[in-house]
Amino acid sequence: MHERTAQDELAARLRLLQELSGLGVRALARDAGLSSSSLSRYLGGQTVPPWPAVVALCRLVKRDPRPLRPLWERTSNPLPAPPKSSRQVRSLPRNDLPRDAADFTGREAQLAAVLAAVDSHRAVSVDGMAGVGKTCLAVHAAHRLAARFRDGLLYVDLHGFTEGRQPMDPESVLRTLLGALDVPSERVPREGVEQLAACWRSELARRRVVVVLDNAADADQVRPLLPGAGDSVALITSRNRLLGLDEVPPVSLDVLSPQESAELLARASGDSGGPDGRLARDPESAAEVLRLCGHLPLALRLAAARLRHRPGWTVGILVERLAEGASEFDTAFAMSVRQLDRSQARLFRMLGLLPGESFDEYVVAALADVPLRGARATLEDLVDAHLVQQPTAGRYRLHDLVHQHARRAAAEQDSAAEQERALVRVLDYYVHAAAAADAAMPFLSPSRTASAGRPPAELPGFPDKNAAFAWFVTEYGNLVAAFETAAAVGSDVHVSELPRFLRAYFARRCGTTHLNVLFERSLAAAERLGDPLQLAEAHSDLGFARYNAGRTAEAAAAYEAAELRLSQVRDTQVEAELAMRRSYLSWDAGHVEEPLELFGLAGKLYEQAGSPAGVAHAAASEAWAMLQLGHREEAARRAREVLGVPHTDPAWPPALTARITLGVAIAHDAPDEAAEHLHRALALAREDGHLHNQAWCLNCLGVALRQMGRYEEALASHREAFALLDELFEEHWKMRFLNGYGETCRLAGLPEEALRLHRQALELAPRLGSRYEEALAHEGIAIVLDGTDPAGAAEHRAAGQAVLRELGPGAH
């Protein structure tokens, strides 16, 4: 009751703040950077607001929020706070900024205006024509601000004026930015720009972050991306004046002055600037270079690169080459391209076809169908020519205008058939590279070998799962862009296959929402292809994504569809995987005989398919089921058998399941050995970076410690597990652990907390189809109420028995 009273008091204090503001809920929410639905819940006392939201409301009415902190803490932390999860700790802040220009020249007044606008309004827009140096100024200013904003330096290209590509929609940008802040995707709203923007503002409100929003199309694209309350700042660039952003001061850039242009040309070309320098010896030609480049920084740097790398050239020769161009931009680009040999020029044109932001030498080799060594050498030449940028070692990108020129050149000089073949090679590369990385990150059972298109001649090496995970992190944006490109050009074979190889990465990093969307589109592509086996795999994969998202009814329908397709074609590996997945679903529904039969069937099918890992996985899952049924000795025996299977990865999924099962099974009889197994499993899950597995390990450790009578340690373990689940924002995962946590609380002398947890389980279980957990929740409530409310206890006990009767004699 104390918690409820404190929450009501906090809501009343917040309603006083609303009265002081004189605003309605919608207007107050807008000004505070909150969603109106969330604010309504805070004012009504249904939900405890995050502290940044309280601060934002206080600041609006010029009240000190600090007196409200004790009251807020009482409502937010009725139990001792769980320890912070490992995910909340970053050794270094995020820094996505491009490299600062070493030859940054002039712009003193504009730079001062940008920094002043940031201090006064926490946002600024830099506008000007293409190539005038907007991005250079914004990035330079962001680097100047870095010391004051230690929580992150973010950068995103909005592609407002990228030829051949639609501007990024605000929803996609918000998801990208939230991912950059390591916000788990399951905490991110599933749909709706307003909800995503509110989540973004809430995350920024508690951090000091600089966000560079480069190449904006218009005010509507940018408005949802702006910070709300708090200290974070945004620097925006656009070729248009963003007139719709009245609250954001503009800084407009013109071309450089003649003096600044001359200084930049000298610095970028490496000219000494003295009387013996090439520019000084021929001032008229130097002035003509400035004119031909239109005093635009980008054109000047490209022209300067030619002088720097051509020591035998005079400035007059540079003028002759520049004069052959058609415009200020194309003059510089075409002049640079003309210095390339035929193979270099061809590769440069093809770079305009690449999806995604940055790229490496492997995808370029596939794109141009050349050896890796040749791709690497050509990229180095293009970097020297300032046609390709190298923001970090091994990664390359094209400036927006250069990308534009490359695409136009390809359209003019390469046939449509040749461009199509190049794009298909890129899609082939990403599917096969993702398959190779996925093979180094075993996830339950191995994925089928990639079959789309032709394997590239060379792929990156993945010596271990850490290297594979790092590749996925770097290439994730490109993989999504490749998927979208394949969908846009109607390449169903790539659309249907690529998501399969992202499962292990998603399990560790991205949660379930986005994977469900990818598999929906993968299934649609498989249906158009019409191959029964591919359709069976697609239905099975979508079903498993649905299951992991807590959408059990949809999972069951997808599995039925997969089984129907498998009746038309025989594949033991796919059949085994489907049997395992159906067994999880059946077990969660409260059945016993069917899941045990399916575990056994899966083991036999994996054995026929020649998959020892699959056999071990089926055995480990069967051992876990035996443990839940109370057959501890049998469960321990099966778990030890699995642990005896040799494997190079200590965090191998079957071994992890077996180690957890064994730890709980022997907790009463061999507590020291049990604790050793469970702590080892937890350490491996943490090392593996799999937050769901960490939560599972911690909850099972809590159960084992409870059985040992070590209640305080058990509670701490449960609390840490639920802190992780709150961080993942996957409520359905809590269903597996709520009743066990509640039992620990009851035995530890916390009946009110036990009652709250069992009631939470009772609320979730019917929605998720977890009927047995529903019965357990009724029984847990009945046990807590036995001493204080016998009638209520009897009512819940009868309800639990009714659920078990509905499930039938085969229920566990």
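**Exercise 1. Where is the place of R107: between which two elements does the loop lie? Then describe its surroundings.**

Solution. The model is predicted.

Step 1. Locate the residue. R107 sits in the loop that runs between β1 (94–95) and α6 (108–121).

Step 2. Look for a charge partner. R107 is buried, yet it has no salt bridge. The nearest side chain of opposite charge belongs to E260, 5.1 Å away. A salt bridge needs the atoms within 4 Å, so E260 does not qualify.

Step 3. Look for a polar partner. A polar atom of the R107 side chain lies 2.7 Å from the backbone oxygen of V132.

Step 4. List the contacts. Leaving aside neighbours within four places in sequence, R107 is in contact with V132, L137, L253, D254, V255, L256, E260 and P297.

**Exercise 2. Is V209 buried or exposed? Place it in the chain and find its contacts.**

Solution.

Step 1. Find the loop. V209 lies between α9 (193–205) and β4 (210–216).

Step 2. Check accessibility. V209 has 0% relative accessibility, so it counts as buried.

Step 3. Compare sequence with space. V209 and F149 are 60 residues apart along the chain, but their C-alpha atoms are separated by 5.3 Å.

Step 4. List the contacts. Not counting residues up to four places away in sequence, V209 touches F149, D151, G152, L154, L181, L204, S232 and V233.

**Exercise 3. At which residue does helix α22 bend? Follow the helix from its start to just past its end.**

Solution.

Step 1. Start at the N-terminal end. D464 caps it: a side-chain oxygen lies 3.1 Å from the backbone nitrogen of N466.

Step 2. Find the bend. Helix α22 (residues 465–489) bends by about 60° at E475.

Step 3. Pick out buried residues. Among them are W471, F472, E475 and F483.

Step 4. See what they pack against. The buried residues of α22 meet β8 (395–397), α21, α23 (492–497), α24 (503–508), α25 (513–529) and α33 (671–688).

Step 5. Step past the end. Just after α22, G490 takes a positive phi of about 75°.

**Exercise 4. Which residues touch the most other members of the largest nonpolar core?**

Solution.

Step 1. Name them. The core has 66 residues, and L351, F359, V364, W471 and F472 touch the most other members.

Step 2. Find the main contributor. Helix α21 (residues 416–439) gives the largest share, 10 residues.

Step 3. Zoom in on F359. Not counting residues up to four places away in sequence, its contacts include L351, V364, L379 and Y396.

Step 4. Look elsewhere. A second, separate core of 65 residues includes A674, A721, F722 and C745.

How values were computed. Residues numbered from 1 in each chain as written. Predicted model: local features only at pLDDT ≥ 70, side-chain atom pairs only at ≥ 80, totals over all residues. Heavy atoms only, no water. Helix = DSSP H or I, 4+ residues; strand = E, 2+ residues; numbered from the N terminus. Buried < 20%, exposed > 50% of the residue type's maximum accessible area, 1.4 Å probe, protein only. Lys, Arg positive; Asp, Glu negative; His and termini not counted. Polar contact = N/O pair within 3.5 Å; in protein donor to acceptor, adjacent residues only side chain to side chain. Contact = heavy atoms within 4.5 Å. Core = buried A, V, L, I, M, F, W, Y, C linked by side-chain atoms within 4.5 Å. Bend = angle between axes of the 7 residues up to and from the residue.
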